[in-house]
Amino acid sequence: MLQKKCMKGLTRNLEALLKKYDFIRYNEPMSNYTAYKTGGSADIVAHVENTGQLISLLKDLRSLNIPAYIFGNCTNILVTDKGIRGAVILTQKLNDIKAEDNIVTCRSGISMAKLAGFAYENSLTGAEAISGIPGSVGGAVYMNAGSYGTQMEDIVISSTYLDEDLNIHTLSLKEHEFGCRRSFYTDKPFIILEAKFSFNKGDKESIKKDMIEYARRRKSSQPLEYASCGSVFKRPLGHFAGKLIEDAGLKGYTVNGASVSTKHAGFIINTGNATSKDILTVMDTVKTVVYNKYGVDLEPEVRIIGEE
Ligand SMILES: Cc1cc2nc3c(=O)[nH]c(=O)nc-3n(C[C@H](O)[C@H](O)[C@H](O)COP(=O)(O)OP(=O)(O)OC[C@H]3O[C@@H](n4cnc5c(N)ncnc54)[C@H](O)[C@@H]3O)c2cc1C
(Lines give C-alpha, C1' and ligand atoms only; values in the text may rest on other atoms or scores of the structure.)
Protein backbone atom coordinates (compact mmCIF):
# COMPACT_ATOMS: atom_id res chain seq x y z
CA MET A 1 0.00 0.00 0.00
CA LEU A 2 2.70 2.45 0.94
CA GLN A 3 4.89 3.44 -1.95
CA LYS A 4 8.38 4.74 -2.46
CA LYS A 5 7.19 8.31 -3.08
CA CYS A 6 6.87 8.60 0.67
CA MET A 7 9.77 9.80 2.83
CA LYS A 8 12.55 7.32 2.31
CA GLY A 9 13.04 4.69 4.98
CA LEU A 10 9.90 5.52 6.91
CA THR A 11 7.47 3.14 5.27
CA ARG A 12 7.17 0.77 8.22
CA ASN A 13 6.85 3.62 10.69
CA LEU A 14 4.14 5.16 8.57
CA GLU A 15 2.26 1.90 8.47
CA ALA A 16 2.39 1.85 12.26
CA LEU A 17 1.09 5.42 12.39
CA LEU A 18 -1.75 4.60 10.00
CA LYS A 19 -2.74 1.67 12.20
CA LYS A 20 -2.63 3.74 15.39
CA TYR A 21 -4.58 6.76 14.13
CA ASP A 22 -7.67 6.13 12.03
CA PHE A 23 -7.93 9.85 11.22
CA ILE A 24 -4.70 9.88 9.20
CA ARG A 25 -4.65 9.72 5.42
CA TYR A 26 -1.59 8.76 3.44
CA ASN A 27 -0.36 10.44 0.23
CA GLU A 28 -3.30 12.82 0.10
CA PRO A 29 -3.62 15.48 -2.64
CA MET A 30 -3.53 18.89 -1.00
CA SER A 31 -5.66 20.20 -3.89
CA ASN A 32 -8.58 18.52 -2.03
CA TYR A 33 -8.03 20.95 0.84
CA THR A 34 -6.56 24.21 -0.49
CA ALA A 35 -8.81 27.14 -1.40
CA TYR A 36 -6.74 27.39 -4.60
CA LYS A 37 -7.60 23.73 -5.44
CA THR A 38 -3.96 23.22 -6.42
CA GLY A 39 -0.93 21.57 -4.82
CA GLY A 40 0.65 18.11 -4.83
CA SER A 41 0.19 15.42 -2.21
CA ALA A 42 1.19 15.57 1.43
CA ASP A 43 2.71 12.37 2.81
CA ILE A 44 0.21 12.47 5.65
CA VAL A 45 -2.95 14.49 6.31
CA ALA A 46 -4.51 14.28 9.77
CA HIS A 47 -7.80 15.78 10.98
CA VAL A 48 -7.31 15.92 14.74
CA GLU A 49 -10.42 16.05 16.91
CA ASN A 50 -9.02 17.14 20.26
CA THR A 51 -5.86 18.41 21.94
CA GLY A 52 -5.04 14.95 23.33
CA GLN A 53 -4.96 13.45 19.82
CA LEU A 54 -2.92 16.41 18.59
CA ILE A 55 -0.28 16.03 21.30
CA SER A 56 -0.07 12.26 20.91
CA LEU A 57 0.35 12.55 17.12
CA LEU A 58 2.97 15.30 17.48
CA LYS A 59 4.97 13.11 19.88
CA ASP A 60 4.91 10.20 17.43
CA LEU A 61 5.80 12.39 14.45
CA ARG A 62 8.69 13.87 16.36
CA SER A 63 10.03 10.47 17.38
CA LEU A 64 9.92 9.46 13.69
CA ASN A 65 11.52 12.73 12.62
CA ILE A 66 8.54 13.60 10.42
CA PRO A 67 7.98 17.37 10.09
CA ALA A 68 4.49 18.63 10.97
CA TYR A 69 2.62 21.53 9.34
CA ILE A 70 -0.46 22.96 10.96
CA PHE A 71 -3.24 24.43 8.80
CA GLY A 72 -6.76 25.63 9.40
CA ASN A 73 -8.97 26.04 6.31
CA CYS A 74 -6.01 26.32 3.84
CA THR A 75 -7.38 29.63 2.51
CA ASN A 76 -4.08 31.45 2.65
CA ILE A 77 -1.59 28.83 1.54
CA LEU A 78 -0.24 27.91 -1.87
CA VAL A 79 1.10 24.36 -1.79
CA THR A 80 3.72 23.61 -4.45
CA ASP A 81 2.94 21.02 -7.15
CA LYS A 82 5.47 18.63 -5.61
CA GLY A 83 3.51 18.70 -2.39
CA ILE A 84 4.55 18.44 1.24
CA ARG A 85 7.07 15.97 2.65
CA GLY A 86 5.78 15.44 6.12
CA ALA A 87 2.48 15.57 7.97
CA VAL A 88 -0.24 18.17 7.52
CA ILE A 89 -2.40 18.55 10.61
CA LEU A 90 -5.77 20.20 10.03
CA THR A 91 -7.49 21.91 12.95
CA GLN A 92 -11.03 22.18 11.55
CA LYS A 93 -12.46 19.67 14.03
CA LEU A 94 -11.08 21.62 17.01
CA ASN A 95 -14.17 23.80 17.05
CA ASP A 96 -15.64 24.24 20.57
CA ILE A 97 -16.93 27.70 21.37
CA LYS A 98 -18.45 29.33 24.44
CA ALA A 99 -19.46 32.78 25.70
CA GLU A 100 -19.22 34.32 29.14
CA ASP A 101 -20.81 37.78 29.16
CA ASN A 102 -19.10 39.59 26.31
CA ILE A 103 -16.06 37.26 26.12
CA VAL A 104 -16.05 34.46 23.54
CA THR A 105 -13.52 31.63 23.86
CA CYS A 106 -13.05 29.18 21.01
CA ARG A 107 -10.74 26.49 19.70
CA SER A 108 -8.50 27.46 16.83
CA GLY A 109 -10.18 25.32 14.17
CA ILE A 110 -13.56 27.02 14.22
CA SER A 111 -14.28 29.14 11.15
CA MET A 112 -14.54 32.91 11.27
CA ALA A 113 -18.08 32.58 9.91
CA LYS A 114 -19.05 30.34 12.86
CA LEU A 115 -17.38 32.71 15.32
CA ALA A 116 -19.35 35.63 13.86
CA GLY A 117 -22.56 33.57 13.80
CA PHE A 118 -22.05 32.60 17.44
CA ALA A 119 -21.45 36.24 18.41
CA TYR A 120 -24.68 37.20 16.61
CA GLU A 121 -26.65 34.43 18.41
CA ASN A 122 -25.38 35.85 21.70
CA SER A 123 -26.23 39.46 20.72
CA LEU A 124 -22.54 40.38 20.64
CA THR A 125 -21.26 42.96 18.19
CA GLY A 126 -17.68 43.21 16.86
CA ALA A 127 -17.31 40.24 14.50
CA GLU A 128 -19.60 41.42 11.69
CA ALA A 129 -16.84 42.86 9.49
CA ILE A 130 -14.72 39.73 9.65
CA SER A 131 -17.59 37.27 9.18
CA GLY A 132 -16.77 36.71 5.49
CA ILE A 133 -13.10 35.78 5.93
CA PRO A 134 -13.10 32.10 4.93
CA GLY A 135 -10.31 31.01 7.30
CA SER A 136 -10.20 29.47 10.77
CA VAL A 137 -9.63 31.39 14.01
CA GLY A 138 -6.08 29.93 14.26
CA GLY A 139 -5.21 31.03 10.72
CA ALA A 140 -6.74 34.44 11.36
CA VAL A 141 -4.78 35.03 14.58
CA TYR A 142 -1.57 33.80 12.89
CA MET A 143 -2.16 36.21 9.96
CA ASN A 144 -3.80 39.09 11.89
CA ALA A 145 -6.54 38.72 9.31
CA GLY A 146 -8.99 41.54 8.88
CA SER A 147 -11.52 43.22 6.65
CA TYR A 148 -13.64 46.34 6.44
CA GLY A 149 -11.72 48.04 9.26
CA THR A 150 -11.62 45.18 11.80
CA GLN A 151 -8.50 43.08 12.29
CA MET A 152 -7.73 40.36 14.82
CA GLU A 153 -5.77 42.90 16.87
CA ASP A 154 -9.03 44.80 17.51
CA ILE A 155 -10.97 41.89 18.99
CA VAL A 156 -8.51 39.27 20.31
CA ILE A 157 -7.67 39.55 24.00
CA SER A 158 -5.53 36.43 24.39
CA SER A 159 -4.56 33.15 22.76
CA THR A 160 -3.15 29.85 23.93
CA TYR A 161 -0.52 27.87 22.07
CA LEU A 162 1.57 24.73 22.16
CA ASP A 163 5.32 25.20 21.83
CA GLU A 164 7.87 22.82 20.27
CA ASP A 165 8.28 20.97 23.59
CA LEU A 166 4.50 20.59 23.79
CA ASN A 167 4.17 23.05 26.67
CA ILE A 168 1.07 25.26 26.70
CA HIS A 169 1.41 29.06 26.97
CA THR A 170 -0.99 32.00 26.92
CA LEU A 171 -0.29 35.30 25.14
CA SER A 172 -1.87 38.61 26.13
CA LEU A 173 -3.04 40.97 23.36
CA LYS A 174 0.19 43.01 23.50
CA GLU A 175 2.36 39.90 23.27
CA HIS A 176 0.80 39.03 19.90
CA GLU A 177 2.95 41.73 18.22
CA PHE A 178 0.24 42.10 15.58
CA GLY A 179 1.35 43.82 12.37
CA CYS A 180 0.40 43.91 8.70
CA ARG A 181 -0.84 40.33 8.12
CA ARG A 182 1.64 39.04 10.68
CA SER A 183 1.82 38.23 14.40
CA PHE A 184 4.10 36.78 17.07
CA TYR A 185 3.25 33.37 15.55
CA THR A 186 4.52 34.14 12.04
CA ASP A 187 7.26 31.67 11.03
CA LYS A 188 7.31 30.08 14.50
CA PRO A 189 6.64 26.35 14.94
CA PHE A 190 3.87 26.98 17.49
CA ILE A 191 0.32 25.69 17.34
CA ILE A 192 -2.49 28.03 18.32
CA LEU A 193 -5.01 26.03 20.37
CA GLU A 194 -7.51 28.61 21.48
CA ALA A 195 -8.33 32.32 21.29
CA LYS A 196 -10.40 34.70 23.42
CA PHE A 197 -12.30 37.60 21.90
CA SER A 198 -13.88 40.62 23.53
CA PHE A 199 -17.09 41.89 21.94
CA ASN A 200 -19.78 44.36 23.04
CA LYS A 201 -23.44 43.79 23.73
CA GLY A 202 -25.41 44.81 20.67
CA ASP A 203 -28.74 44.67 18.92
CA LYS A 204 -29.28 41.36 17.11
CA GLU A 205 -31.20 42.88 14.21
CA SER A 206 -28.55 45.48 13.46
CA ILE A 207 -25.74 42.87 13.80
CA LYS A 208 -27.54 40.73 11.23
CA LYS A 209 -28.11 43.70 8.92
CA ASP A 210 -24.41 44.60 9.02
CA MET A 211 -23.32 41.00 8.33
CA ILE A 212 -25.59 40.87 5.29
CA GLU A 213 -24.23 44.20 4.05
CA TYR A 214 -20.57 43.07 4.46
CA ALA A 215 -21.37 39.86 2.56
CA ARG A 216 -22.99 41.89 -0.21
CA ARG A 217 -19.92 44.17 -0.47
CA ARG A 218 -17.60 41.16 -0.60
CA LYS A 219 -19.66 39.44 -3.30
CA SER A 220 -19.85 42.56 -5.44
CA SER A 221 -16.11 43.32 -5.30
CA GLN A 222 -14.42 39.88 -5.15
CA PRO A 223 -14.31 37.02 -7.68
CA LEU A 224 -15.82 34.52 -5.22
CA GLU A 225 -16.99 32.26 -8.04
CA TYR A 226 -13.35 31.20 -8.64
CA ALA A 227 -10.85 29.37 -6.46
CA SER A 228 -8.37 31.83 -4.94
CA CYS A 229 -6.58 32.77 -1.76
CA GLY A 230 -8.04 36.26 -1.55
CA SER A 231 -5.56 39.10 -1.88
CA VAL A 232 -2.22 37.62 -2.89
CA PHE A 233 -0.03 40.53 -1.79
CA LYS A 234 0.06 42.53 1.43
CA ARG A 235 -0.93 46.18 1.30
CA PRO A 236 2.29 48.14 0.63
CA LEU A 237 2.76 51.29 2.73
CA GLY A 238 0.91 54.19 1.10
CA HIS A 239 -0.58 52.09 -1.72
CA PHE A 240 -3.15 49.41 -2.50
CA ALA A 241 -1.70 46.30 -4.16
CA GLY A 242 -4.82 45.79 -6.32
CA LYS A 243 -4.71 49.40 -7.61
CA LEU A 244 -0.99 49.16 -8.50
CA ILE A 245 -1.61 45.87 -10.33
CA GLU A 246 -4.60 47.33 -12.19
CA ASP A 247 -2.72 50.54 -13.08
CA ALA A 248 0.15 48.42 -14.40
CA GLY A 249 -2.30 46.97 -16.93
CA LEU A 250 -2.17 43.46 -15.46
CA LYS A 251 -5.89 42.78 -15.00
CA GLY A 252 -6.65 39.58 -16.90
CA TYR A 253 -2.96 38.63 -17.26
CA THR A 254 -3.06 34.83 -17.61
CA VAL A 255 -0.66 31.89 -17.50
CA ASN A 256 -2.53 28.68 -18.35
CA GLY A 257 -5.32 28.45 -15.74
CA ALA A 258 -4.07 31.26 -13.47
CA SER A 259 -5.27 34.85 -14.05
CA VAL A 260 -5.15 38.23 -12.41
CA SER A 261 -8.85 38.72 -11.68
CA THR A 262 -10.60 41.30 -13.86
CA LYS A 263 -13.00 41.95 -10.96
CA HIS A 264 -10.34 42.59 -8.29
CA ALA A 265 -6.72 42.87 -9.45
CA GLY A 266 -5.42 41.92 -5.98
CA PHE A 267 -6.74 38.38 -6.54
CA ILE A 268 -5.05 35.75 -8.70
CA ILE A 269 -7.71 33.19 -9.55
CA ASN A 270 -7.66 29.57 -10.65
CA THR A 271 -9.98 29.57 -13.66
CA GLY A 272 -10.21 25.78 -13.58
CA ASN A 273 -7.01 23.96 -14.41
CA ALA A 274 -4.22 26.06 -12.89
CA THR A 275 -1.22 24.46 -11.25
CA SER A 276 0.55 26.08 -8.33
CA LYS A 277 3.42 26.80 -10.74
CA ASP A 278 1.05 28.80 -12.99
CA ILE A 279 -0.06 30.87 -9.97
CA LEU A 280 3.57 31.40 -8.89
CA THR A 281 4.50 32.47 -12.43
CA VAL A 282 1.69 35.06 -12.47
CA MET A 283 2.80 36.27 -9.01
CA ASP A 284 6.40 36.68 -10.23
CA THR A 285 5.35 38.67 -13.29
CA VAL A 286 3.06 40.89 -11.24
CA LYS A 287 5.86 41.57 -8.75
CA THR A 288 8.38 42.39 -11.48
CA VAL A 289 6.08 44.62 -13.53
CA VAL A 290 4.84 46.57 -10.49
CA TYR A 291 8.40 47.03 -9.23
CA ASN A 292 9.67 48.21 -12.62
CA LYS A 293 6.75 50.66 -13.07
CA TYR A 294 6.28 52.00 -9.57
CA GLY A 295 9.36 50.94 -7.54
CA VAL A 296 7.06 49.16 -5.07
CA ASP A 297 8.15 45.72 -3.88
CA LEU A 298 4.99 43.66 -3.39
CA GLU A 299 5.26 41.18 -0.53
CA PRO A 300 3.15 38.00 -0.78
CA GLU A 301 0.43 37.61 1.83
CA VAL A 302 -0.22 34.04 0.71
CA ARG A 303 2.12 31.49 2.35
CA ILE A 304 4.00 29.29 -0.10
CA ILE A 305 4.57 25.82 1.33
CA GLY A 306 6.00 22.54 0.02
CA GLU A 307 8.81 20.92 -1.87
CA GLU A 308 10.35 23.13 -4.60
C1 LIG B 1 -12.04 34.36 -1.10
C2 LIG B 1 -11.08 34.74 0.00
C3 LIG B 1 -11.23 35.93 0.65
C4 LIG B 1 -10.33 36.31 1.66
N5 LIG B 1 -10.54 37.50 2.31
C6 LIG B 1 -9.68 37.86 3.29
C7 LIG B 1 -9.88 39.09 4.00
O8 LIG B 1 -10.82 39.84 3.76
N9 LIG B 1 -8.99 39.41 4.97
C10 LIG B 1 -7.93 38.60 5.28
O11 LIG B 1 -7.16 38.95 6.18
N12 LIG B 1 -7.74 37.42 4.64
C13 LIG B 1 -8.59 37.04 3.68
N14 LIG B 1 -8.39 35.85 3.02
C15 LIG B 1 -7.21 35.02 3.35
C16 LIG B 1 -7.45 33.96 4.46
O17 LIG B 1 -8.81 33.58 4.54
C18 LIG B 1 -6.97 34.47 5.82
O19 LIG B 1 -5.59 34.75 5.81
C20 LIG B 1 -7.26 33.46 6.94
O21 LIG B 1 -7.00 34.05 8.17
C22 LIG B 1 -6.44 32.18 6.82
O23 LIG B 1 -6.97 31.22 7.72
P24 LIG B 1 -6.85 29.66 7.43
O25 LIG B 1 -7.44 28.94 8.57
O26 LIG B 1 -7.37 29.34 6.10
O27 LIG B 1 -5.26 29.53 7.46
P28 LIG B 1 -4.38 28.54 6.57
O29 LIG B 1 -4.42 29.02 5.15
O30 LIG B 1 -4.74 27.15 6.84
O31 LIG B 1 -2.93 28.86 7.16
C32 LIG B 1 -2.37 30.18 7.03
C33 LIG B 1 -1.15 30.27 7.95
O34 LIG B 1 -1.59 30.19 9.30
C35 LIG B 1 -0.95 29.10 9.98
N36 LIG B 1 -1.94 28.49 10.89
C37 LIG B 1 -3.21 28.16 10.62
N38 LIG B 1 -3.80 27.65 11.73
C39 LIG B 1 -2.87 27.66 12.70
C40 LIG B 1 -2.84 27.25 14.08
N41 LIG B 1 -3.91 26.75 14.69
N42 LIG B 1 -1.69 27.42 14.77
C43 LIG B 1 -0.58 27.96 14.18
N44 LIG B 1 -0.55 28.35 12.89
C45 LIG B 1 -1.67 28.21 12.17
C46 LIG B 1 -0.53 28.13 8.89
O47 LIG B 1 0.56 27.34 9.28
C48 LIG B 1 -0.18 29.08 7.75
O49 LIG B 1 1.15 29.58 7.86
C50 LIG B 1 -9.27 35.46 2.01
C51 LIG B 1 -9.13 34.22 1.35
C52 LIG B 1 -10.03 33.86 0.36
C53 LIG B 1 -9.90 32.53 -0.30
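The protein chain splits into three domains: domain 1 (11–90), domain 2 (97–221) and domain 3 (241–305). The model is predicted.

Start with the first pair of domains. The centres of domain 1 and domain 2, taken over C-alpha atoms, are separated by 24 Å. Contact between them involves nine residues of domain 1 and twelve residues of domain 2. On the domain 1 side, helix H2 (residues 51–63) gives the most, with three residues. That side of domain 1 has four nonpolar residues, five polar and no charged.

Now the ligand. Its shell holds 31 residues. Gly72, Gly135, Gly138, Gly139 and Gly230 are the closest. Four elements give two or more residues each: strand E3 (68–71), helix H4 (137–143), strand E9 (146–147) and strand E13 (191–198). H4 gives the most, with five residues. By type, the shell divides into 16 nonpolar, 14 polar and one charged. Where does the ligand lie relative to domain 1 and domain 2? Both domain 1 (11–90) and domain 2 (97–221) give residues to the shell, so the ligand lies between them.

Turn next to helix H8 (residues 276–294). H8 has 19 residues and reaches 27 Å from its first C-alpha to its last, close to the 27 Å expected at 1.5 Å a residue. Its buried residues are Ser276, Asp278, Ile279, Leu280, Val282, Met283, Val286 and Val290. What do these buried residues of H8 pack against? The partners are strand E4 (77–79), helix H7 (241–247), strand E15 (254–255), strand E16 (258–260) and strand E17 (268–270). After H8 comes Gly295, with a positive phi near 70°.

Technical notes: Residues numbered from 1 in each chain as written. Predicted model: local features only at pLDDT ≥ 70, side-chain atom pairs only at ≥ 80, totals over all residues. Domains from an automatic or database assignment. Contact = placed C-beta atoms within 7 Å. Nonpolar A, V, L, I, M, F, W, Y, C, P; charged D, E, K, R; others polar. Expected span 1.5 Å × (residues − 1). Buried ≥ 20, exposed ≤ 12 C-beta atoms within 10 Å, placed from the backbone. Near = placed C-beta within 6 Å.
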